[in-house]
Amino acid sequence: MDDHLGRPPAETVFTPEAPVPEPRTAVPEPRTVVPELPGWLVPRPRLAERLSRGVLGPLTVVVGPVGAGKSALATEWLHTGRAPGPVACVRCEGREERPDVFWPRILTALRRAGVDLPAFDDVPVNELLVARLSAQLALRGTPVVLVLDDFQPEPGSPVAEGVVSLLRHTSSMLRAVVLSRRDPPLHLHRYRLSGELTELRTADLAFTDTETASLLSQHGLDVARHVVRALRRRTAGWAAGIRLAAMSMQGHLHPDQFIARFAGDDEAIVTYLVEEVLDVQAPEMRRLLLTTSVLEHVNAELATEVAGEEAGRCFATLVRQNSFLQPVGQGWFRCHRMFADVLQLRLQHELPGSVAGVHRRAAAWLAEHGCLAAAVGHALAADDAHYASRLVVEQLGIGQLLGLTATRLPDIPGQWSPAEVGTGDPEPVLIAAAAQYTDADAVAEALAEAARLTRGLPDAEADRVLRCRLTHAVIRMAAEHSRDPAAARAAAAEARALYARLPAHALDGRPEIRALTLFVLGRAELRAGDLKAAEPLLTSGLKAAGATENGALRRGCLVELALLEAVRGRFRAAGEFATLATRPPLPTWTARDSSNATLLVVRAWVALARGEPALVRAELGHVGAALHALPEPFTAGVASLVGRLVNLAEQGLTAAPEALLATAGPWLPPTLRQPMVRACAVSLDTPCTRSHHSVLGDGNGTADAPVERLTAREEDVLGRLSQMMTTEEIAEDLFLSVNTVKTHLKSVYRKLSVSRRSAAVRRARELQLL
């Protein structure tokens, strides 16, 4: 481990005596012999091997935070004997490197490594010395390895530019291994582009579970595998953190409990990081580190917003100099968790009055840039639940609060209940209603109060009123779609009218609102008997549910589409939708999910059409329990009808479907009576079935044939079209170009005499092609 952690001074690696800056002849010689392997070193052959491969090229950099194990790794590698030539080792002076000290050390280290060099006594320590040294090294027949430990000169400094020049003009006879806490200013991008750079960074240096267990065993700690894994995760594999934890754990009776509590507030961790990292920072850099520590992810704009313009200007330097900040892509960075914990402790101590303001500024910036979950988290951290509720409603994030999306908002604290909100604004009351939408009485009370407060908003805040009303409608849909379908349908119709009045882009990132609205409307239209209206609503709802990764809504749309096809007598298509509805990954059924009973009924009816009465009985046997938990008249009516049909099938009796439906009751709307007659006929295979095969398109007869037979590839495209895949998705799935897929689609449309996707799928089902 680097930075001398846990080792006696006698074992220090690459450490020179204090430099004497006056005459060059007074500069002490560094230790350049290979140091002994310390007893505490944890072998890491996987990384040593990477160094061995790296020195085959001109430049290898090992960049990691203090305590990451850089120097220890270099020591281990030196003992492998895999260097391609003599090795000169120099420990540098970090940011304070001076040319008149640095270059004499380099010369001395090279000579002690066995490199034959002239005296250079008459050469001044400047570019001329670097040029002479480069020329001498370029004449060698074997390469020289130069290890620079803690090499951190400022970009553009004489030392940095001298090393750049030395590497450039030695004709690959110099192989540099640079250990640093930040990217060394050696024009890394040039070597990266030419494939001549080997890099080991913080993630590479992180200890594995096996290495963590080895380090613990050095301290006499033999702990369970899950404890080792927990410590490694807690420290993110940071070598210093693991060793400090091991020191603290010695003699502890319950190491697993210690690991659960071990964090950045441990005294040893705090002391180590404050002394090694924080105390060496300039005031503005220190302020920037402390202030941004409350952020899970940070970029330059957000850093400037929370820390101020002056501190924000230091962000690029902070990223370059601090390897505790790790890039996560697109200009964003994440601070090492334990270091962030230490910084937050210091922030509370040094700037206690600023913490809430930092969180509020972060919340405002994140909300403005579409990061609602993070924004709400910071608003709550600032103890401002009122502002958090305003953000949710303003950003139309109610779906995230109701669990309609894969991304959830932070847990809602108890003070958001209606009785404790105590405000004249509707937003906190709406959030209170959403937090308890499963409680019928409580949600009704909260929604009534929210509606009253919304009506009291001034006319000048029309957009705010619109968003409050839409949020109100979404909560009602979520609360009532299984409990009171009529109320849910009214809420869905209102929601659809409201979001049509929003700006075109307002719902671009909120597909869950469209998905819920379309599902509720499609389900209602199906039960009202309007199959033509229900199908596009459910199909669009299915697509929106897929975009929001909502498994429950996706399953609900598939189940309703299966029911719709069953009502039409298309049992093959109904079975396909039912199968898709049970394909993982899917969420578990809940007591509020009425789709379970509907799916069981559809599967029972499909089994009847296939002539499997035993399976029909098994499926219907589970329907009663599902409907008891959540009664639903239409599903119950269809289940009763299927039960009567299977009785007839088992007894070998026939009956006119019209007679079966004569006493159906109010659950069956008049417009569905004729489709249900045909569906009953198909499932019983009565004469009525054969007279309607051209309409039903099921597998019990001969359907109308298309004018021209589809090719095998066109059938492949058509099959994926029925799964509502986009053109791009079909192309990727079939390993075709998008243009080729479009050509096949045009041919399918022509042969089926249709002009749209939905019409092609419908016609194909009628013709038994799906």
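## Strand S1 and its partners

How many bridges join strand S1 to strand S5 (residues 197-200), and in which sense do the two run? In this predicted model, 4 bridges join S1 to S5, and the two strands run parallel. One residue-level detail of this pairing is that Val 62 has Leu 200 as its bridge partner in S5. S1 also pairs with strand S4 (residues 174-180), again in the parallel sense, and this pairing extends over 5 bridges. On the S4 side, the bridge partner of Leu 59 is Ala 176.

## Burial of S1

Strand S1 covers residues 59-63, and because 5 of its 5 residues are buried, the strand is largely enclosed by the rest of the structure. In a regular strand, side chains alternate between the two faces of the sheet. In S1, Leu 59, Val 61 and Val 63 point one way, while Thr 60 and Val 62 point the other way, and all of these residues are buried.

## Two positions in helix H31

Helix H31 spans residues 595-609 and includes Arg 603, and Ser 595 lies in this helix as well. Ser 595 counts as buried because its relative accessibility is 3%, which falls under the 20% limit for that class. Arg 603, by contrast, counts as partly exposed because its relative accessibility is 33%, a value in the interval between the 20% limit for buried residues and the 50% limit for exposed ones.

When residues up to four places away in sequence are left out, Ser 595 touches Gly 556, Val 559 and Trp 589. With the same exclusion applied, Arg 603 touches Ala 578, Thr 582 and Glu 619. Val 559, which is listed among the residues touched by Ser 595, is separated from Arg 603 by 44 residues in sequence and by 9.9 Å in space, taken from C-alpha to C-alpha.

## The protein as a whole

The secondary structure of the protein comes to 41 helices and 7 strands, and of its 770 residues, 53% count as buried. Among the contacts with a separation of 6 or more, 69% are between residues that lie 24 or more positions apart.

The accessible surface of the protein comes to about 33,500 Å², and carbon and sulfur atoms account for 52% of that area.

Methods: Residues numbered from 1 in each chain as written. Predicted model: local features only at pLDDT ≥ 70, side-chain atom pairs only at ≥ 80, totals over all residues. Heavy atoms only, no water. Buried < 20%, exposed > 50% of the residue type's maximum accessible area, 1.4 Å probe, protein only. Contact = heavy atoms within 4.5 Å. Pairing = 2+ DSSP bridges. Areas by Shrake-Rupley, 256 points an atom, 1.4 Å probe, with all protein chains shown as cover.
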